[in-house]
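Biologist: Thanks for sitting down with me. Could you show me the model, and may I ask how you reach each label?

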Amino acid sequence: MRAGVEGTTSQGVRACDLRRSRHRGMAKTSLQHQLTGAAINLIRIDAWLTGTLRARTRASHLTALRPAA
């Protein structure tokens, strides 16, 4: 469950600049976050409809050293 939240937060930060608010008030900041969430949903719907593959999870250095079974 946490991995999904972390992925969503990461996507919001990378694609929609979620860390920085363009406004000073809580109401406008809240609106920006809601619009960012809607934008992430639209990005994911577009990726699903076009069949764009998700990036694979990277393997750690220790896992990369393990011989293939």
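Biologist: How much area does the protein expose, and what share of it do carbon and sulfur atoms supply?

Modeller: In this predicted model, the protein exposes about 6,800 Å², with carbon and sulfur atoms supplying 58% of that area.

Biologist: How many helices and strands are there in the protein?

Modeller: Three helices and zero strands, so a run of at least four residues in DSSP state H or I was found three times. The pattern along the sequence reads α-α-α.

Biologist: What radius of gyration does the protein have, against that of a compact globule of 69 residues?

Modeller: The protein has 17 Å, whereas such a globule would be near 11 Å. Its C-alpha trace spans about 55 × 30 × 20 Å along the principal axes, and buried residues make up 9% of the 69.

Biologist: How do you know that the span of α2 agrees with its 25 residues?

Modeller: At 1.5 Å a residue, α2 should span 36 Å, and its end C-alpha atoms are 36 Å apart, so the two agree. Just after α2, Gly51 takes a positive phi of about 80°.

Biologist: Why does Leu49 count as exposed?

Modeller: Exposed means over 50% relative accessibility. Leu49 has 62%, so Leu49 counts as exposed. Leu49 lies in α2, residues 26-50, and joins Leu42, Ile45 and Trp48 in a nonpolar surface patch of about 530 Å².

Biologist: Which residues in α2 are buried?

Modeller: Thr29, Gln32, Thr36 and Ile40 are buried there, which means that each is under 20% relative accessible area.

Definitions and conventions. Residues are numbered from 1 along each chain as its sequence is written. This is a predicted model: local features need pLDDT of at least 70, side-chain atom pairs count only at pLDDT 80 or more; totals for chains, interfaces and linings use all residues. Side-chain values use heavy atoms; hydrogens and water are left out. Helices (H or I, at least four residues) and strands (E, at least two) are DSSP runs, numbered from the N terminus. The radius of gyration is taken over C-alpha atoms; the globule rule is 2.2 Å times the number of residues to the power 0.38. Buried means under 20% relative accessible area, exposed over 50%, partly exposed in between (1.4 Å probe, protein chains only). Accessible areas come from the Shrake-Rupley method with a 1.4 Å probe; for residues, only the protein chains shown count as cover. Patches are made of residues with over 30% relative accessible area and no salt bridge: like charges are joined within 9 Å, nonpolar side chains (Val, Leu, Ile, Met, Phe, Trp, Tyr) within 5 Å. A salt bridge is a side-chain nitrogen of Lys or Arg within 4 Å of a carboxyl oxygen of Asp or Glu. The expected span of a helix is 1.5 Å times one less than its number of residues.
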